[in-house]
Amino acid sequence: MGLFTVTKKATTPFEGQKPGTSGLRKKVTVFQQPHYLQNFVQSTFNALPADQVKGATIVVSGDGRYFSKDAVQIITKMAAANEVRRVWVGLNSLMSTPAVSAVIRERIGADGSKATGAFILTASHNPGGPTEDFGIKYNMGNGGPAPESVTDKIFSNTTTISEYLISEDLPDVDISVVGVTSFSGPEGPFDVDVFDSSVDYIKLMKTIFDFEAIKKLLTSPKFTFCYDALHGVAGAYAKHIFVEELGADEGSLLNCVPKEDFGGGHPDPNLTYAKELVERMGLGKSSSNVEPPEFGAAADGDADRNMILGKRFFVTPSDSVAIIAANAVQSIPYFASGLKGVARSMPTSAALDVVAKNLNLKFFEVPTGWKFFGNLMDAGMCSICGEESFGTGSDHIREKDGIWAVLAWLSIIAFKNKDNLGGDKLVTVEDIVRQHWATYGRHYYTRYDYENVDAGAAKELMANLVSMQSSLSDVNKLIKEIRSDVSEVVAADEFEYKDPVDGSVSKHQGIRYLFGDGSRLVFRLSGTGSVGATIRVYIEQYEKDSSKTGRDSQDALAPLVDVALKLSKMQEYTGRSAPTVIT
């Protein structure tokens, strides 16, 4: 047992340490500045109730991106100095964001300890490497992201901080080996417990899904499968779950070795960045004679996002959550007794709304940010939720969960084929989606992202869209000049949400233009980038006529896209003639 002391280090505040929707994200070089990470960590400790720090157990892990291993050691030494009793670290500092949430909620240490919170080291779907992005966020005792009341306090502390506590003589802990290392400090013992979080995570998944039914599907010669972790932390779970537990062929795993720079790629599971999977699933530009797998999926850097693909077929995240909700009770044992309610983020398409109405379920529309779902779940009001930005989840934890979404889809496919695995033709992903459209109608949907736009120009564009809302007759006149075949705007606002659980009000959550035929245009500034501003434009057209639900999405949306770009004066304000990414 090593002895350590506590040092008070003098410091001065840094500007701009305000946590966004998912913590603080900056370039690695910013975090590497002397005192920068330390200031934010101490500001977080100071913002938490004393009993969640002194004598407490906290988790410190993340997606393994560059600078994670250094950050784990710094935070561990600061935890010791702040009288934390023990730190739980994922093997090799790897723990997916959903697994962190599960560990906080479910894991009991050998000494009976439970975690009160976690520092998650991730910038999610942003690139990693020495010149790329790093991030840190704090999750609370329910396993979910810190609420605004806490993040506001953290930010306030960063503007006045003058010193932080650290035990510099605490030796680095070997995080490549499972085991507990014990130390002794001025206030008593301090332990660092390194463990493999996939064990706890798989145990939880087995309480939710019928692994035997999924295994029958994955081992059927008629069913082929492909999973791409994009060199993110999902790779630390993929082999254990899909190959060892569910019997998939190891060759079905792509890019499942976690890397600090995500193999030089962009770990964002969409049609633009998951190039290898997109090609393999028959959706790439190059034609191949190789028959694509029946099912494909991808994860982002910290494994909380997912993309679902069928053979030559893309499932939009908005459709995905609606289809999971529509099929959950019959397909997934965890939901067998019924759904408490469903929720979506405001920019997500209204596909889930239609399912909720048809199935008579409680329905909630919330701002972007998983903490809003967490409040509903903690109050027992919501079972399944999703965001259009490739995030889907349920009340088993308080984060979105990419592997959970894949297992949910496999459960639905397994259920639809339970009497058919020896038949001529499987019910496919595409079959399931088209049947859903025939039942509920189709929400044609796309998102245009303009990344790293000048922040001032982005604010001007948004301010102009708000000012235009004061006269809808002028807006409609403009629209008719752009496209005469587009419906009229019947309402427009800046989305505001009053939380039904705690009464808190979130304003300025996105600008909405709602059309008479159910179409929508939504404009939002994203909070997940590390440089400049990202403008997101969401374009949606609802089609109830089942004879018209099979059109190409971009064709169906072309008139509204035209209106969105010209109404917002996108090119004039940003200088961009095309978006960075279309999803």
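**Close-up 1. A salt bridge joins K18 and D152 in this predicted model.** The two side chains meet at 3.8 Å, N to O. The pair ties together distant parts of the chain, 134 residues apart. K18 sits in the loop between β2 (7-10) and β3 (24-27). D152 belongs to helix α5 (residues 148-158). K18 is partly exposed, with a relative accessible area of 47%. D152 is also partly exposed, at 41%. Both values fall between the 20% and 50% cut-offs, so neither residue counts as buried or as exposed.

**Close-up 2. R398 and D378 form a salt bridge.** Their closest N and O atoms are 2.6 Å apart. The pair links distant parts of the chain, with the two positions 20 residues apart in numbering. R398 lies in the loop between β19 (391-394) and α13 (402-416). D378 is in helix α12 (residues 370-378). The two partners fall into separate accessibility classes: R398 counts as buried at 5% relative accessibility, whereas D378 counts as partly exposed at 43%. R398 is classed as buried because 5% is under the 20% cut-off.

**Close-up 3. E387 and K400 meet in a salt bridge.** The N to O distance is 3.7 Å. E387 is in strand β18 (residues 384-387). K400 is in the loop between β19 and α13. The partners are 13 residues apart, and the pair links distant parts of the chain. Both E387 and K400 are buried.

**Close-up 4. Seven linked residues make up a salt-bridge network.** The members are R344, D353, E365, D493, R512, R520 and E540. A search of the whole structure finds 35 salt bridges. Side chains of opposite charge can pair when their charged atoms come close.

**Close-up 5. Eight strands build an open sheet.** The strand order is β1-β9-β10-β5-β4-β6-β7-β3, and the pairing is mixed. β1 (2-3) and β3 stand at the edges. Each has a single partner strand, so one side of each is left without a neighbour in the sheet. β1 and strand β9 (residues 179-185) run parallel and are joined by 2 bridges. L3 stands opposite S184 in β9. Strands of a sheet pair through backbone hydrogen bonds, either parallel or antiparallel.

**Close-up 6. Helix α3 lies across five strands.** The helix spans residues 68-81. The strands it crosses are β4 (57-62), β5 (86-90), β6, β7 and β10 (188-195). Helix α3 runs at about 155 degrees to β6.

**Close-up 7. T131 lies in the loop between β6 and β7.** β6 covers residues 117-121, and β7 covers 133-139. T131 has a relative accessible area of 61% and is exposed. That class applies because 61% is over the 50% cut-off. The C-alpha atoms of T131 and L3 are separated by 36 Å. The two residues are 128 residues apart along the chain.

**Close-up 8. Three annotated spans come from a UniProt record.** The unreviewed entry places the feature "domain: Alpha-D-phosphohexomutase alpha/beta/alpha" at residues 17-164, 200-309 and 318-438. Residues 17-164 are 34% helix and 20% strand. The end C-alpha atoms of that span are 15 Å apart. Residues 318-438 are 47% helix and 13% strand. Their end C-alpha atoms lie 16 Å apart.

Definitions and conventions:
Residues numbered from 1 in each chain as written. Predicted model: local features only at pLDDT ≥ 70, side-chain atom pairs only at ≥ 80, totals over all residues. Heavy atoms only, no water. Helix = DSSP H or I, 4+ residues; strand = E, 2+ residues; numbered from the N terminus. Buried < 20%, exposed > 50% of the residue type's maximum accessible area, 1.4 Å probe, protein only. Salt bridge = Lys/Arg side-chain N within 4 Å of Asp/Glu carboxyl O. UniProt positions renumbered as here; feature names shortened; annotations may be inferred. Pairing = 2+ DSSP bridges. Contact = heavy atoms within 4.5 Å. Axes fitted to C-alpha atoms, helices over the stretch in contact; angles between N-to-C directions.
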